[in-house]
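Thanks for coming, everyone. I would like to walk through one model this morning, going from a single loop residue to sheets and then to packed helices.

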Amino acid sequence: MDLSPVIEFFLDQFPVENILSKEAVSGIWNTSESALVSYIVARSGLDTAIVCGSSDEAERICGDSKMFLGAGPNIDLLDNEAPELRLPVIGRIASGAKNVAVAGSLDSFLKKTYKKDGIKAKLINIKKGQKADMGALSFSLFKLGYSRVYMVEEEGEFSVRGGIIDIFSPGDRPKRIEVSFDAVESIREFDLVSQRSTGVFEETVALPFYEENAGNIFDLFKKPPLVLLSLPQGVDIPSNIPRGSKTVLLSRFPVKDKCGIDIGCELPGSFNGDMDKMILALTKTRDKVFVVSKQAMRLKEIFSDIVQKVNIIHGELSEGFYIPGGNIRLYTDLEIFGEHIPRRRFKALKETSPVKKFDLGFKEGDFVVHKDYGIGVYKGVERQSIDGVQSDFLFIQYAGEDCLYVPISKMHLISKYSAPAESPPKLNRLGTSEWIHTKKKAKNSLKDLTKELLQLYSSRNKSRSTAFAPDSQWQKEFESAFPYEETPDQIEAVAMVKKDMESEKPMDRLLCGDVGFGKTEVALRAAFKAADNGKQVCLLVPTTILAEQHYLLFKERFSPFPFVVDMLSRFRSQTEQKGIIKKIESGAVDIVIGTHRLFNKDIKFKDLGLLIIDEEQRFGVSHKEAIKKFRNNVDVLAMSATPIPRTMYMALSGIWDMSVIETPPPGRSSIKTFVMPWEKSVIRQAIEKEMERGGQVFYVHNRVDSISSTVNKLKHICPFARIAFAHGQMNEKALEEIMTDFIDRKFDVLVTTTIIESGLDMPNVNTIIIENPQRMGLSTLYQLRGRVGRSAVKANAYLLYEEGRLFTDKSLERLTAIKSFTDLGSGQKIAMKDLEIRGAGNVLGAQQHGHMISIGFDLYCELLKEVSAAAKGEPMLRRTAPVVEIKMDAFIPEDYITEEIERIAIYKRMNSVANAEEAKELMGELNDRFGSVPQQVKNLFLIVEIRTMASVKKVKSILQKGDMVLIERPSGKERLYVKGLSPREIIAKVKSFLNGIQA
């Protein structure tokens with residue numbers, strides 16, 4: 001089933017040649033306009049430019065056309081700014097392809113670009129077998145606007161490694177070109193996540209990554225295109241349309257002085273979720289009825305008695321329409337459920353792999369901890385020659401003149417030193433018992449934790465929660481109504497949550513995701529699953545404002561389904577609260593959203609199945625104690641953007657299960673952050689700039705007693721702005737009215753305390769000004785900054801401090817960190833930095849601050865993992881990799897992998913190889929990414945192979961000493977005589993020996 005009958009209607013009633021003979025077409029708007037445009041593109045066979053009044057309108061036409069055109073011609077979106085989106089479309093226009101159709105805003109068509117054939121002259125065509133010079137190719141890419149990077153991750157980037165060059169051309173897949181003997185040996189597509197090749201090509205083309213300011217975009221078409229103008233009344237027709245182009249004005253109303261044709265479309269009428277009313281209307285009508293919905297399966301069930309009269313199609317359109325002359329009615333989710341689905345056009349997702357573990361890493365000059373020798377300073381990688389054999393070592397400087405060279409094979413014993421110390425840590429001396437005693441004291445201090453952990457996990461493991469059923473059809477339809485594209489991390493997080501919920505073991509999962517990265521959608525799907533299985537859901541939030549916002553969202557998303565959503569907060573009157581509490585106890589409420597009011601003793605759930613804690617870091621110790629009462633037999637999902645150190649600490653230690661959403665939603669960009677002194681001119685300029693683009697501003701002044709005077713001060717600085725204020729001590733009604741008015745854009749600037757920190761979603765607010773940021777915690781600053789930049793608009797954050805005021809070291813470090821962590825997805829980094837600045841806090845009540853300073857966070861975490869494993873009754877897997885020392889040059893040369901950090905990463909991966917298959921896979925990757933593997937690296941893999949074999953056979957060490965190889969086994973030492981043998985022959989002899997012994 002498709003919408004081709006709508007296209008056929010236009011063909012019958014309004015032949016395309018008739019439409020193109022007119023100057024204007026009236027009686028169309030929104031989706032009916034999309035249908036007409038799709039018809040013209042499909043039937044005219046002409047190149048077509050659709051000039052719209054805004055980018056949103058162009059996006060709507062492109063999106064809607066997919067439903068009308070199906071597998072037919074495509075309408076591309078011409079972006080106004082982003083080269084990675086704009087240039088592939090311009091390239092397609094200039095290529096001379098047939099039936100090119102492009103929709104864009106007026107600005108996108110007026111913007112200067114390449115002259116005719118200009119873009120063709122800029123193309124870099126690469127074919128297998130052709131002559132190639134790496135230097136010349138690199139320079140050509142640089143001239144085309146590409147950035148040279150170490151590892152390609154984004155469009156418009158290239159990297160060079162020996163005879164390999166990676167290129168990511170806009171609108172294409174990334175390609176890897178291998179050059180050998182001055183000729184292109186191969187062209188391969190590669191995956192951005194694994195960096196491995198995935199396909200082979202005979203040729204590829206690199207587009208430029210910038211536009212010239214010389215030509216007219218209409219001139220790039222092979223022939224003058226048909227121009228469809230969907231412009232607001234009063235807007236002039238573009239002056240750059242070439243002679244010979246036919247133009248047709250598309251309008252809702254008849255156009256004066258234009259020879260036109262009227263389609264006569266009307267709105268189809270709305271039902272707002274009243275299915276009985278809709279069934280009655282459809283029963284009576286004689287029109288052809290089309291229903292386009294993301295809940296098609298559910299509607300087929302509802303309309304089962306009249307299914308012959310209704311064409312139900314799964315998909316989405318912006319709205320429906322009615323054409324009386326053609327007896328056609330088209331309904332969408334907007335008319336059926338009153339549900340407006342905003343359409344967003346997004347840049348393709350940057351492919352990243354979710355964080356599986358947290359590795360702080362270390363660089364030259366960092367304090368590091370060697371598990372056996374203590375705290376020192378990492379000085380880099382050094383190559384040492386011992387007995388004529390070259391190997392790489394990590395060089396660590398200790399107290400005095402003490403230094404240590406750590407073989408690459410033992411680098412797993414080293415971690416970065418991180419702790420909330422006021423001053424640099426004390427360096428240990430080698431050859432003393434100091435470090436042994438320090439580590440022993442730290443481990444003994446964790447014994448109290450063991451008892452509490454055992455108690456916690458004993459009760460959790462004995463209890464059983466509801467094992468929820470697999471997803472129902474309703475669940476699938478609920479999820480299909482999500483109006484945006486899920487990120488890979490979201491999909492994985494949802495899958496893990498559902499897996500937990502379908503198990504009898506109570507869920508204890510922490511969901512970490514940056515502000516605006518889609519944690520709420522995961523919570524919505526978990527809540528639906530619980531409610532669909534007949535269980536109640538409790539959603540805890542830290543503020544009444546956030547409770548209200550979540551309540552409205554949940555009500556909207558759950559409205560098509562028979563589940564009751566309610567809210568309990570101080571926005572409710574006492575009478576209302578009493579009524580809601582009774583409904584909770586009777587089971588009449590399926591999902592209740594509220595603040596800490598839900599902790600009160602008068603709250604009794606009839607059948608609670610899921611507890612969701614949003615902004616988990618905002619709940620204090622007393623609240624956490626109250627939450628514990630839920631944990632024995634209820635699934636718990638905690639969510640946080642920058643988990644407080646305690647929570648991060650527990651997650652890292654394996655006490656919680658953890659999911660991470662680190663991939664930004666498509667279209668989001670990082671927030672530009674300014675840290676500077678407070679000045680009137682800066683504030684005026686920031687507010688003026690935001691208002692000019694139709695946006696709003698948050699001004700954070702975190703002092704209730706002086707907030708009124710701050711408002712007056714801002715009114716003097718910006719007399720043109722409408723300014724209001726809000727804070728947590730206001731009465732509920734006044735606070736609610738102010739926030740509602742601000743959302744409705746009755747004010748330009750909202751002066752507020754940090755009550756806006758949690759979860760508020762106001763896409764029109766894209767500038768935030770924060771007074772005295774040095775007084776705030778790092779996580780608070782990060783959360784506040786996350787209140788802006790929640791749409792595709794570039795956002796700005798101004799952190800303004802009082803000039804001349806002295807900062808503490810920690811305040812300065814916080815401001816430096818917030819300025820540094822501007823990338824999307826920095827929430828985890830912020831939380832880890834918070835660990836360093838203010839410590840891990842209490843883990844289940846035990847004071848551990850001093851011990852963590854003495855040994856560093858990483859090692860302390862490792863000890864805690866041992867305690868956690870013991871508490872859970874799980875075996876603690878300790879690394880016991882055999883030591884293998886064969887006298888052969890085994891290292892990664894700098895001219896093979898130039899970046900030290902990448903060499904270290906490869907060394908780490910070699911050390912973690914568990915079997916021959918993994919070793920083969922890694923060697924294949926090196927060959928693919930860096931070119932032919934040199935002999936020194938091959939020798940490393942030989943040692944890796946011996947080590948994996950020895951591990952299986954429980955061999956402790958294999959050491960070459962002079963003319964012998966000593967092999968240490970649990971039963972004792974054995975000797976292999978290797979006098980006169982080459983390194984390869986020694987390896988072969990050791991392998992033969994290992995193959996001949998029993999494990």
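Let me begin with a question: in which loop does Arg196 lie? Arg196 lies in the loop between strand E10 (183–190) and strand E11 (197–201), where strands (E, at least two residues) and helices (H or I, at least four) are DSSP runs numbered from the N terminus. Before going further, I should say that this is a predicted model, in which local features need pLDDT of at least 70 and side-chain atom pairs count only at pLDDT 80 or more, while totals for chains, interfaces and linings use all residues. Residues are numbered from 1 along each chain as its sequence is written, and side-chain values use heavy atoms, with hydrogens and water left out.

Coming back to that loop, Arg196 and Gly924 are separated by 728 residues in sequence, yet their C-alpha atoms are 9.0 Å apart in space. If we leave aside neighbours within four places in sequence, the residues in contact with Arg196 (heavy atoms within 4.5 Å) include Glu189 and Asp191, as well as Glu921, Glu925 and Asp928.

Now to the sheets. There is an open sheet of seven strands, in the order E3-E4-E2-E13-E14-E1-E15, with parallel pairing; two strands pair if DSSP finds at least two bridges between them. Strand E3 (75–78) and strand E15 (260–262) are at the edges and have a single partner strand each, so one side of each is left without a neighbour in the sheet. Ignoring direction, neighbouring strands here are turned by 20° against each other on average; axes are lines fitted to C-alpha atoms, for helices over the stretch in contact, and angles run from 0 to 180 degrees between N-to-C directions. At the E15 edge, strand E1 (residues 24–26) pairs with E15 in the parallel sense over three bridges, and Ala24 has Gly260 as its bridge partner. Helix H3 (residues 30–44) lies across several of these strands, among them E1, E3 and strand E13 (226–230), and runs at about 180° to E13, whereas helix H5 (residues 83–94) lies across E3 and E4 at about 130° to E3.

A second open sheet has four strands in the order E17-E16-E19-E18, and its pairing is mixed. Within this sheet, strand E16 (residues 288–293) runs parallel to E17 and is joined to it by five bridges, with Val289 standing opposite Val310 in E17.

Finally, the helices, with H16 (residues 519–532) as our reference. The axis of helix H14 (residues 473–480) comes within 10 Å of that of H16 and crosses it at roughly 155°, and H14 and H16 are therefore roughly antiparallel (under 35 degrees counts as roughly parallel, over 145 as roughly antiparallel, 65 to 115 as roughly perpendicular and the rest as oblique). In this contact, Trp474, Gln475, Phe478 and Glu479 of H14 meet Leu524, Arg525, Phe528, Lys529 and Asp532 of H16.

What is the angle at which helix H15 (residues 488–501) and H16 pack? The angle is about 30°, with the axes 10 Å apart, and H15 and H16 are therefore roughly parallel to each other. Among the residues that meet here are Val494 and Val497 in H15 and Val522, Arg525 and Lys529 in H16.
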